[in-house]
2 protein chains.
Amino acid sequence: MTRRHNRTRAERGIPEATVARLPVYLRALHSLQERGVATVSSEELATAAGVNSAKLRKDLSHLGSYGTRGVGYEVEYLVYQISRELGLTQDWVVAIIGVGNLGRALAGYGGFASRGFRVAALLDADESVVGERISGLTVRHIDDLESVVAEQGVSIAVLATPAAAAQSLCDRVVAAGVTSVLNFAPVVLSVPEGVDVRKVDLSIELQILAFHEQRKAGGPGEGGWAGELDGPGDRPRGEGPPGTKQYIEAVEA
Amino acid sequence: MTRRHNRTRAERGIPEATVARLPVYLRALHSLQERGVATVSSEELATAAGVNSAKLRKDLSHLGSYGTRGVGYEVEYLVYQISRELGLTQDWVVAIIGVGNLGRALAGYGGFASRGFRVAALLDADESVVGERISGLTVRHIDDLESVVAEQGVSIAVLATPAAAAQSLCDRVVAAGVTSVLNFAPVVLSVPEGVDVRKVDLSIELQILAFHEQRKAGGPGEGGWAGELDGPGDRPRGEGPPGTKQYIEAVEA
DNA sequence: CCATGTGAACTAATTCACAGCG
DNA sequence: CGCTGTGAATTAGTTCACATGG
């Protein structure tokens, strides 16, 4: 919040929206780097990252003044600066909790190893998967969670468990000292101050798409304005507007 | 922006931030419903959804006036209204493109079927998986993409392919008439006006966590302010500050 | 009397537009 | 001259706080 030195810039506090875009810029830069491009303008990089150039420049300006006026940005240098800002110049030890379909997919995901993330452990409660070897790691029993976290120095836990198990496992990893959690289970996790949680939720994404899809087709419901004037009083109870699937009964997965 | 009728509320145009939270509220409501709760206050629901109550009320107010002052919201009714707003009172036909680890995990994900999303097809380019049966569906060859989209009336495509294939497959599904894409490949997709794309990106999420994790440990880089005073001129070229992993060489996954 | 619904105040994020530097 | 970097203007989102109505 308050400045605590004479920091020339960056000044402790990059906007969250900017932080969320830095990885995108970084990926675009890597791709340029592979193609042997040495220098890039804000316009070009912005296009590659799918944003407009003003936003890109403003974002980068939060890190410092790393461009050259009249020229652009040196790709390699910018890659380094963004990597450093994101904390990718050091390794982060990751544990994946839950080795179902998703956990396996994550364990095999190349993107982990490539950028400073080292998967050090796979854990599961199911005896029948414990001991199995996946992507070079032996699945360990969830009882070992605390010792694994301590021994390996895990700082990021990836939760790929059923919803019902997520909160209590989250509590355990946090108690064991993990301060960042990436949650794939469809639940809202509560964690103490100082612990960061990020959520990846397929079904939420689909529902957002459905909203826009419906809108393209014209208004909510089937015929557009079912229930328009219903103040409390003429509420549909137990049935939707004619022709619609009624309510939603299925259980959460 | 300007009102264009005497619409009592909703007024065409729910803020994007609100849309993104509606699925969370919906999930919390379903969970209350399962526990037999009939009525809920904004305070309770907000807690369950992990937001504050003012935000929840403001969000719901964009849909209409569905609460009762002094009492709260009727769970069942609110479930219905949010579902309708999100377009979940109708079925959406989904095709999953790419049947690797991730595609399989997605195909088996219960959250699909449960809320108005019907996976109608699995497609892959790899001959060795074509014909395989997964979660009740036979994997079809990617050559059939256009006909599958047309026959099944697919409106949402889920891309779970390698990065290199994503854009051209995206082009194909869009050309075939799909107007919503959920992209798991680590690339920025470009699509024509009117097509919605949402991105789920593991490695971005991890990088955001790393940023905050690093911050907890105190400042970027190892020793805090490597390159502090470097205006252009004394840039590190080809090496990072002492002791840091240098640059990032690995390829994108 | 209590919890919703909402103007008003505030904070964050985006976009504009141009000064200024290489 | 061409591009970055950035104040200023705008727009979006959040939070406050309370009038309102069941």
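The exercises below work through a predicted protein–DNA model, each with a stepwise solution.

Local features need pLDDT of at least 70 and side-chain atom pairs count only at pLDDT 80 or more, while totals for chains, interfaces and linings use all residues. Residues are numbered from 1 along each chain as its sequence is written, chains are lettered from A and ligands numbered from 1 in the order in which they are written, and side-chain values use heavy atoms, with hydrogens and water left out.

**Exercise 1. The surface near DNA strand D**

Task: Find which residues come nearest to DNA strand D, and which elements supply the surface near that strand.

Solution:
- Step 1. Set the cut-off. A residue is near a strand if one of its heavy atoms lies within 4 Å of it.
- Step 2. List the residues. There are 26 around DNA strand D, and Ser42(A), Arg57(A), Tyr73(A), Arg21(B) and Arg69(B) come nearest.
- Step 3. Assign elements. Helices (H or I, at least four residues) and strands (E, at least two) are DSSP runs, numbered from the N terminus. Chain A contributes helix H3 (53-61), strand E2 (67-68) and strand E3 (72-74), and chain B contributes helix H1 (16-34) and helix H3 (53-61); each supplies at least two residues. H3(B) gives the largest share, four residues.
- Step 4. Sort by type. Ala, Val, Leu, Ile, Met, Phe, Trp, Tyr, Cys and Pro count as nonpolar, Asp, Glu, Lys and Arg as charged, and the others, Gly among them, as polar. The surface near DNA strand D has six nonpolar, eleven polar and nine charged residues.
- Step 5. Look at the DNA side. Of the atoms of DNA strand D within 4 Å of the protein, 61% belong to sugar or phosphate and the rest to bases.

**Exercise 2. Polar contacts to DNA strand D**

Task: Work out which DNA oxygens Ser65(A), Gly67(A) and Gly70(A) approach.

Solution:
- Step 1. Define the contact. A polar contact is a pair of N or O atoms within 3.5 Å; within protein, one must be able to donate a hydrogen and the other to accept it, and residues adjacent in sequence count only if both atoms are side-chain atoms.
- Step 2. Take the side chain. A polar atom in the side chain of Ser65(A) is 3.1 Å from a phosphate oxygen.
- Step 3. Take the backbone. An N or O backbone atom of Gly67(A) sits 2.9 Å from a phosphate oxygen. For Gly70(A), a backbone N or O atom lies 3.3 Å from a sugar or linking oxygen.

**Exercise 3. DNA strand C**

Task: Describe the residues around DNA strand C and find a contact to a base.

Solution:
- Step 1. Count. 24 residues surround DNA strand C, and the closest are Arg21(A), Ser42(B), Arg57(B), Arg69(B) and Tyr73(B).
- Step 2. Sort. They divide into five nonpolar, ten polar and nine charged.
- Step 3. Check phosphates. The side chain of Ser65(B) places an N or O atom 3.0 Å from a phosphate oxygen. A polar backbone atom of Tyr66(B) is 3.3 Å from a phosphate oxygen.
- Step 4. Check bases. An N or O atom in the side chain of Arg69(B) lies 2.9 Å from a base oxygen.
- Step 5. Assign elements. Helix H1 (16-34) and H3 of chain A, together with H3, E2 and E3 of chain B, give two or more residues each.

**Exercise 4. The sheet of chain B**

Task: Give the strand order and name the edge strands.

Solution:
- Step 1. Apply the criterion. Two strands pair if DSSP finds at least two bridges between them.
- Step 2. Read the order. The open sheet has three strands, E1-E3-E2, with antiparallel pairing.
- Step 3. Find the edges. Strand E1 (39-40) and strand E2 (67-68) each pair on one side only.
- Step 4. Register the pair. Two bridges join E1(B) to strand E3 (residues 72-74). Thr39(B) stands opposite Glu74(B).

**Exercise 5. Aromatic pairs**

Task: Classify the pair Tyr66(A) and Tyr77(A), and state what the pair ties together.

Solution:
- Step 1. Define. Rings of Phe, Tyr and Trp (its six-membered ring) pair if their centres lie within 6.5 Å; planes under 30 degrees apart count as stacked, over 60 as edge-to-face and the rest as tilted.
- Step 2. Count. The structure holds two aromatic pairs over all chains.
- Step 3. Classify. Tyr66(A) and Tyr77(A) are edge-to-face, at 5.5 Å centre to centre and 85° between the planes.
- Step 4. Locate. Tyr66(A) lies in the loop between H3 and E2 of chain A and Tyr77(A) in helix H4 (residues 75-86), so the pair ties together parts eleven residues apart in sequence.
- Step 5. Test burial. Buried means under 20% relative accessible area, exposed over 50%, partly exposed in between (1.4 Å probe, protein chains only). Tyr66(A) is buried at 5%, and Tyr77(A) is buried at 2%.
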